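Colleague: I'd like to learn how to read a small fold properly. Could you walk me through one?

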Amino acid sequence: MSDIESLVCPVCDCDVLLGGYEKKGDELFCTECDSPLKYLLNKKTDEPYLKDDN
Ligand SMILES: [Zn+2]
């Protein structure tokens, strides 16, 4: 497993690179469309995902 990962932006579908230090509930901005996003974890699988925080 790599420390550096990326998640798909729910707004523009591009890859958003993560620093590897994000925690659940952190806000970040898409590097492509500048949308505010929230870093969340799937309750069942613990998989991280990004949610549109507009
Ligand atoms: Zn985006």
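## Reading the fold, turn by turn

Modeller: Sure, and let's start at a turn: D46 is exposed, with 8 other C-beta atoms within 10 Å. Keep in mind that this is a predicted model.

Colleague: Where is D46 placed with respect to the strands?

Modeller: D46 sits in the loop between β4 and β5. Those two strands form a hairpin with 6 residues between them.

Colleague: How should I read the backbone there? What is the phi of D46?

Modeller: General idea to begin with: most residues other than glycine have a negative phi. Now the case here: D46 has a phi near 70 degrees, a positive value in a residue that isn't glycine.

Colleague: Which residue takes a positive phi in the hairpin of β3 and β4?

Modeller: That would be D34, with phi near 65 degrees, and this hairpin has 6 residues between its strands. D34 isn't a glycine either.

Colleague: Is D34 buried or exposed?

Modeller: Exposed, because just 10 other C-beta atoms lie within 10 Å of D34, and the cut-off for exposed is 12 or fewer. D34 belongs to the loop between β3 and β4. Its C-alpha is 10 Å from that of C9, a residue 25 places away along the chain.

Colleague: Let's step back. How many helices and strands does the protein chain have?

Modeller: You'll find 0 helices and 5 strands. Along the sequence the pattern reads β-β-β-β-β. As for overall form, the radius of gyration is 10 Å, close to the 10 Å that the globule rule gives for 54 residues, so the chain is as compact as a globular protein of that length. The C-alpha trace spans about 25 × 20 × 15 Å along its principal axes.

Colleague: Now the sheet. What is the order of its strands?

Modeller: When you read a sheet, ask for the order, the direction and the edges. Here an open sheet of 3 strands runs β3-β4-β5, with antiparallel pairing. β3 (27-29) and β5 (48-52) are at the edges with a single partner strand each, so each has one side without a neighbour in the sheet. From one strand to the next, the twist averages 40 degrees.

Colleague: How many bridges hold each pair?

Modeller: β4 (residues 36-41) is joined to β5 by 5 bridges, while β3 and β4 pair over 3 bridges.

Colleague: And which residues are partners across β4 and β5?

Modeller: Go along the strands and read them off. L37 is bridged to D52, K38 has K51 as its partner, and Y39 stands opposite L50. On the β3 side, E27 has K38 in β4 as its bridge partner. K38 therefore turns up in pairings with both E27 and K51.

Colleague: What about residues outside the sheet? Which residues does K24 touch?

Modeller: Leaving aside residues up to four places away in sequence, K24 touches Y39, L40 and L41. K24 itself lies in the loop between β2 (15-17) and β3. The C-alpha atoms of K24 and Y39 are 5.6 Å apart, although 15 residues separate them along the chain.

Colleague: Why does K24 count as exposed?

Modeller: Because K24 has 10 C-beta neighbours inside 10 Å. Having those contacts and counting as exposed can go together, as K24 shows.

Colleague: Last feature: the core. Which residues make up the largest nonpolar core?

Modeller: The general idea is that nonpolar side chains tend to be buried together in soluble globular proteins. In this model the largest nonpolar core has 5 residues: C9, V16, C30, L37 and L50. Two of those names came up in the sheet, with L37 bridged to D52 and L50 opposite Y39.

Colleague: What does C9 touch?

Modeller: Not counting residues up to four places away in sequence, C9 touches C14, V16, C30, E32, C33, S35, L37 and L50.

Colleague: How much of the protein chain counts as buried?

Modeller: Of its 54 residues, 9% do. For contact range, take residues at least 6 apart in sequence: 19% of their contacts join residues at least 24 apart.

Notes
Residues numbered from 1 in each chain as written. Predicted model: local features only at pLDDT ≥ 70, side-chain atom pairs only at ≥ 80, totals over all residues. Core = buried A, V, L, I, M, F, W, Y, C linked by C-beta atoms within 7 Å. Buried ≥ 20, exposed ≤ 12 C-beta atoms within 10 Å, placed from the backbone. Contact = placed C-beta atoms within 7 Å. Helix = DSSP H or I, 4+ residues; strand = E, 2+ residues; numbered from the N terminus. Rg over C-alpha atoms; globule rule 2.2 N^0.38 Å. Pairing = 2+ DSSP bridges. Axes fitted to C-alpha atoms, helices over the stretch in contact; angles between N-to-C directions.
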